Amino acid sequence: MKQQDSAAALSVWVALESPTSHPAGVNGMMDLVQKDVAGLPIAVERIPGRDGLGDMVVLRAGLDNGQPAVAVMSHLDTVHPVGTSAKELPVRVDGDRLYGPGVYDMKGGAWLALQGFKQVAAAGSARRPMVFLFTPDEEIGSPTSRGLIEEIGRGSKAVLVTEPAREGGKIVTARKGVGRFDVRLEGRPAHAGSRHADGRSAIREAAHQILAVEGMTDYARGITTSVALVGGGTAANVIPQHAWFSVDCRVTTLADGTMMENRILSLKPHDPDVALRITGGMNRPPYEKSAAVAELFALARKVAADAGFDLQDCPMTGGGSDGNFTAALGVPTLDGLGIDGDGAHTLQEYGLISSIAPRQALIKGLLETI
Ligand SMILES: [Zn+2]
């Protein structure tokens, strides 16, 4: 396919807005996938969405030889609300850049990987079964798709994830684990003027707890904690009964994940008259660059070299993805195989049109080699 034809076809995907919370849009994306593979030797399974989220689509092709499959995984939800493309981030081409909501994270990767998958299916050049999973909810931690991601992962020889490429086309071979916690505090309300001493401020207690949580950051060990959402109180002259804050935690090892989960869940109140209720835990386990991941990366470098480019990987990244789930099961996983570009989750999001063809060739080569 010519470069401008690829950009035009991808633009159709980007123009269909599909934030996680808008199942009609996400399902529209699933329809586009099904339409794209019609008439090819590819079996399509559509799994209805639940909990107010969109559907999933599973494509199966390749050899039916009882071997473990090679799996590709892409999410079709984005973080951009409906209306973004009509206002702040119109779908447009500017030189080599294709702008639009979710083009980089990760419709570009999903689209180009599907083209590679279709080529291999049509040519009959797979060496084993191939599975392609499209999910509706990665941007909120994959609550409804995690089970299927892990099930497909367990049955696979390798998993290829099409999250965006990094820093000039680098792929991802390790990611930090991610934890999310919610801390709710309940003190005692009182008039801030006449009954000050009777009050027990949930916000003052939250301030102590926030400093304690933020103090758990240990850069040398690759552990970070962030309190980025906070709330509480009812009026300026009432000692606040309620307060709450969220905690984002990132770790590099499974052991540190368990350790941090225990530390955060067992926070004790500074003021015994204020109650703490802490929920949450580690959501995505760390994805470590094991020997098997390194071996798969070496194979990808060779496939890329055959396609005419030098493939590099980047140091462990802070962001989690569905690759964390499969890597944690011990299934060799490569991530960041998607489109090159920049501006994920921002209004400057773009993909580089010139990166589509080489990365499609990489996916195709991997599907034919693994
Ligand atoms: Zn993504």
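Where is Glu-167 found in this structure? Glu-167 sits in the loop between strand 7 and strand 8 (171-172). This is a predicted model, and that loop is a friendly place to begin a walk through it.

**Two loop residues with positive phi**

Glu-167 has a phi near 35 degrees, a positive value in a residue other than glycine. With 56% relative accessibility, Glu-167 counts as exposed, because the cut-off for exposed is over 50%. His-345 also belongs to a loop, the one between strand 18 (341-342) and strand 19 (350-352). The phi of His-345 is positive too, near 65 degrees, and His-345 is not a glycine. Its relative accessible area is 42%, so His-345 is partly exposed.

**The open sheet**

Next comes a sheet. An open sheet is built from 6 strands in the order 1-2-6-3-7-17, with mixed pairing. At its edges are strand 1 (43-47) and strand 17 (333-334), each of which pairs on one side only. As background, strands of a sheet pair through backbone hydrogen bonds, either parallel or antiparallel. Inside this sheet, strand 2 (residues 56-62) and strand 6 (residues 129-135) are antiparallel partners, with 6 bridges between them. Here Arg-60 stands opposite Val-131 in strand 6.

**Helices 3 and 2**

Which strands does helix 3 lie across? Helix 3 (residues 103-123) lies across strand 2, strand 3 (69-75), strand 6 and strand 7 (156-161), and runs at about 155 degrees to strand 6. Helix 3 also holds Met-106, which is joined to Asp-105 by a cis peptide bond with omega about -15 degrees.

Helix 2 (residues 23-37) has 15 residues; at 1.5 Å a residue they should span 21 Å, and the end C-alpha atoms are 21 Å apart, so the two values agree. Which residues of helix 2 are buried? They are Gly-25, Val-26, Asn-27, Gly-28, Met-29, Met-30, Leu-32, Val-33 and Val-37. Among the elements that cover these buried residues are helix 1 (3-15), strand 1, strand 2, helix 3 and strand 6. After helix 2 comes Gly-39, with a positive phi near 85 degrees.

**Strand 9 and its partners**

Further along the chain, strand 9 (177-186) pairs with strand 14 (residues 242-251) and with strand 15 (275-284). The table sets out these two antiparallel pairings.

| Pairing | Bridges | Facing residues |
|---|---|---|
| Strand 9 and strand 14, antiparallel | 10 bridges | Val-183 and Phe-245 |
| Strand 9 and strand 15, antiparallel | 9 bridges | Arg-180 and Gly-281 |

A general point helps when looking at strands: in a regular strand the side chains alternate between the two faces of the sheet.

**The largest pocket**

How much space lies in the largest pocket? The answer is about 500 Å³. Helix 3, strand 9 and strand 15 are the elements that give two or more residues to its lining. The lining is made up of 19 residues, and those nearest the centre of the pocket are Glu-138, Glu-139, Arg-284, Gly-320 and His-345.

Several of the parts met earlier come back here. His-345, the partly exposed loop residue, is one of the residues nearest the pocket centre. Helix 3, which lies across four named strands including strand 2 and strand 6, contributes to the pocket lining.

Methods
Residues numbered from 1 in each chain as written. Predicted model: local features only at pLDDT ≥ 70, side-chain atom pairs only at ≥ 80, totals over all residues. Heavy atoms only, no water. Pairing = 2+ DSSP bridges. Contact = heavy atoms within 4.5 Å. Axes fitted to C-alpha atoms, helices over the stretch in contact; angles between N-to-C directions. Buried < 20%, exposed > 50% of the residue type's maximum accessible area, 1.4 Å probe, protein only. Expected span 1.5 Å × (residues − 1). 1 Å grid on protein atoms, 1.4 Å probe; cavity = no way out; pocket = protein on both sides within 12 Å on 5 of 7 lines; lining within 4 Å. Points joined across faces, edges and corners; volume = space filled by probe spheres on them.
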